[in-house]
Amino acid sequence: MNESEFRSVLDRLKSLETMKWSAIEQAGSHFNKVADLIPDAQRRLRDLKLDDFDPIFSLRMSGKPRLWGIRIRNVFSALWWDRDHAICPSPKKHT
């Protein structure tokens, strides 16, 4: 993550602080099953001994970029910066 991306993520997180989770989810953030993640991400969760957290949360930043983490009730703990939406690629619509 470069400095510009870091500042952008911080600004986005600040903008989300006062929002309810339902509104954040309506804007494209959501839970994903660990089984749907790429093998490297699943392996990394095992290495970090975090593979018992399932599902994990994909926090939409803008366009493709996502911040992945563990969400327990109202607390989000960041794990990965995913600039290219590569941790859990979504299938293209109508293909």
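This section describes the overall fold, the strand pairing, the salt bridges and a surface patch of a predicted model.

The protein comprises 3 helices and 4 strands, arranged from the N terminus in the order α-α-β-α-β-β-β. The C-alpha trace extends over about 35 × 30 × 30 Å along its principal axes. The radius of gyration is 13 Å, which agrees with the value near 12 Å for a compact globule of 95 residues. Of the 95 residues, 32% are buried. The accessible surface of the protein amounts to about 6,700 Å², of which carbon and sulfur atoms contribute 51%. When contacts between residues at least 6 apart in sequence are considered, 44% join residues at least 24 apart.

Strand 3 (residues 66-72) pairs with both strand 2 and strand 4. Strand 2 (residues 56-60) runs antiparallel to strand 3, with 4 bridges between them; within this pairing, S58 lies opposite W68 of strand 3. The hairpin formed by strand 2 and strand 3 has 5 residues between the strands, and G63 adopts a positive phi near 50° there. Strand 4 (residues 75-82) is likewise antiparallel to strand 3, and 7 bridges join the two. I70 has S77 in strand 4 as its bridge partner. The hairpin of strand 3 and strand 4 has 2 residues between the strands, and R73 in its turn shows a positive phi of about 50°. Strand 3 is largely enclosed by the rest of the structure, because 6 of its 7 residues are buried.

The protein contains 4 salt bridges, three of which are described here. In general, side chains of opposite charge can pair when their charged atoms come close. One of the salt bridges connects R71 and E25, with 2.6 Å between the closest N and O atoms. This pair links distant parts of the chain, since R71 belongs to strand 3 and E25 to helix 2 (residues 21-26), 46 residues apart. R71 is classed as buried, as its relative accessibility of 16% falls under the 20% limit. E25, by contrast, is partly exposed at 33% relative accessible area.

A further salt bridge is formed by the side chains of E5 and R83, with an N to O distance of 2.4 Å. E5 is located in helix 1 and R83 in the segment after strand 4, so the pair ties together parts that are 78 residues apart in sequence. E5 is buried, with 14% relative accessible area, whereas R83 is partly exposed at 38%.

Helix 1 also holds a salt bridge between R7 and E3, whose closest N and O atoms are 2.7 Å apart. These two residues are separated by 4 positions, about one turn of the helix. Both partners are exposed: the relative accessible area is 51% for R7 and 54% for E3.

A nonpolar patch on the surface is made up of M1, F6 and L10, which together present about 280 Å² of accessible area. Of these residues, F6 is situated in helix 1 (residues 3-16). F6 has a relative accessibility of 44% and therefore counts as partly exposed. Helix 1 thus includes F6 of the nonpolar patch, the R7 and E3 pair, and E5, the partner of R83.

Technical notes: Residues numbered from 1 in each chain as written. Predicted model: local features only at pLDDT ≥ 70, side-chain atom pairs only at ≥ 80, totals over all residues. Heavy atoms only, no water. Patch = residues over 30% accessible without salt bridge, like charges linked within 9 Å, V, L, I, M, F, W, Y side chains within 5 Å. Areas by Shrake-Rupley, 256 points an atom, 1.4 Å probe, with all protein chains shown as cover. Buried < 20%, exposed > 50% of the residue type's maximum accessible area, 1.4 Å probe, protein only. Pairing = 2+ DSSP bridges. Rg over C-alpha atoms; globule rule 2.2 N^0.38 Å. Contact = heavy atoms within 4.5 Å.
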